[in-house]
Amino acid sequence: MTRNARVVKNVPSLIKWTGSKRSQAYAISQLAPNFNRYIEPFLGSGAILHTAAHPGALGNDIYKPLIDLWCLVRDNPEELVNDYSVKWQHLNEELLTIDHTKLNSTRTIPEYYYSIRKKFNESPNALDLNFLMRTCVNGIVRFNDKGEFNNSFHLSRKGMQPERFSSIVHAWNPLLNGVSFTNTDYKECLAQATKGDFVYLDPPYAATKSRYASLLEPEELFSELEQLSIRGVNWALSYDGKRGDTDLTQDLPKELYTKHLYLNSGNSAVKKVLSGPIENVQEALYINY
Ligand SMILES: C[S@@+](CC[C@H](N)C(=O)[O-])C[C@H]1O[C@@H](n2cnc3c(N)ncnc32)[C@H](O)[C@@H]1O
């Protein structure tokens, strides 16, 4: 049976993830061809998944706590919502006892938040990651060079209300019915793609150093794209782009794709958070069909 990407209105964002393509989801889904199966090997927050997640779809990411979180939303939404509610309650009980003039830059208060962050860094897991994402500064997942979650508590907020979180999880749960999630390297995931499948790839920025950049050799990625085309798999690839006056476009060998487009993704969230100059970001999209 062939399927297509559909416009799903009012699906709230589940995760704020670095490099999220949420702002381009509509444009990318409009460009998607009909397909047998949808595959997203660099899932992150799954910005395109909600438009193309038919039963049989496959989402993959190398970051295990993230994939475990996706599995919880699909299989065990109540466990996820309850865990968050209990943690939020603990946090807010402590917040009531805090003299707010003592909240300072030493970043040890609220103790509950920092104890969960420490626990998570010692033993990364989906439930603690979820709590940190709902309560940290601007909800942005950020890691230091050692791979530790290092974002602070959002002092002026009390964390997302459990009722709001529950409604987000329950909006996503039915969309994930029949969707498989795997936690492997993208090459292993792509090996499963066969003729008629559609793959959307959003690897980490090649032009910026990230903790995973070393795992992504451009030549290997190019070879994978070539193999997909040979097998009759349609693919779309987000690959760097333009930020303000800086052109981060990486050269993709011309024989690999048929179209090269730029999609506007608005202003850079990271720059906004850092109060730097507002820059317009345009993401390059390459497609082979
Ligand atoms: C730019 S983000 C994807 C963002 C996603 N499109 C979204 O809208 O949120 C890249 C993702 O690729 C994952 N990743 C990095 N290296 C990988 C690899 N070798 N195999 C699979 N996933 C990888 C990262 O964990 C990250 O979630």
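How much space lies in the second largest pocket? The legends below start there and then move through the rest of this predicted model.

**View 1. The second largest pocket and its lining.** About 270 Å³ of space lies in this pocket. Its lining is made up of 16 residues, and those closest to the centre are Lys-16, Met-133, Arg-134, Gly-139 and Met-160. Helix H6 (residues 126–135) gives the largest share of the lining, with three residues. Sorted by class, the lining of the second largest pocket comes out at six nonpolar, six polar and four charged residues.

**View 2. The largest cavity.** Here's the one cavity of 30 Å³ or more that the structure holds. Its volume is about 40 Å³. Around the largest cavity sit Ser-13, Leu-14, Ile-15, Ser-20 and Arg-22, then Ser-45, Gly-46 and Ala-47, plus Trp-172. That lining splits into four nonpolar residues, four polar ones and one charged.

**View 3. Strand E4, covered on both faces.** In a regular strand, side chains take turns between the two faces of the sheet. Take strand E4 (residues 198–201): Phe-198 and Tyr-200 are on one side, Val-199 and Leu-201 are on the other, and all of them are buried. E4 also pairs with strand E1 (residues 38–40), in the parallel sense and over two bridges. Look for Val-199 in E4 as the bridge partner of Ile-39.

**View 4. Leu-237 and its contacts.** Leu-237 belongs to strand E5 (residues 234–243). With a relative accessible area of 0%, Leu-237 counts as buried, because the cut-off for that is under 20%. Which residues is Leu-237 in contact with, leaving aside its neighbours within four places in sequence? They are Leu-201, Pro-203, Leu-221, Leu-225, Leu-252, Ala-284, Leu-285 and Tyr-286. Leu-201 turns up here again, having already appeared as a buried residue of E4. As for Ile-28, it is 209 residues away from Leu-237 along the chain, yet the two C-alpha atoms are separated by 9.9 Å.

**View 5. Stepping back to the whole protein.** The secondary structure adds up to 10 helices and eight strands. Of the 289 residues, 47% are buried. If you take contacts between residues at least 6 apart in sequence, 70% of them join residues at least 24 apart. As for the outside, the protein exposes about 14100 Å², with carbon and sulfur atoms supplying 51% of that area.

How values were computed:
Residues numbered from 1 in each chain as written. Predicted model: local features only at pLDDT ≥ 70, side-chain atom pairs only at ≥ 80, totals over all residues. Heavy atoms only, no water. 1 Å grid on protein atoms, 1.4 Å probe; cavity = no way out; pocket = protein on both sides within 12 Å on 5 of 7 lines; lining within 4 Å. Points joined across faces, edges and corners; volume = space filled by probe spheres on them. Helix = DSSP H or I, 4+ residues; strand = E, 2+ residues; numbered from the N terminus. Nonpolar A, V, L, I, M, F, W, Y, C, P; charged D, E, K, R; others polar. Buried < 20%, exposed > 50% of the residue type's maximum accessible area, 1.4 Å probe, protein only. Pairing = 2+ DSSP bridges. Contact = heavy atoms within 4.5 Å. Areas by Shrake-Rupley, 256 points an atom, 1.4 Å probe, with all protein chains shown as cover.
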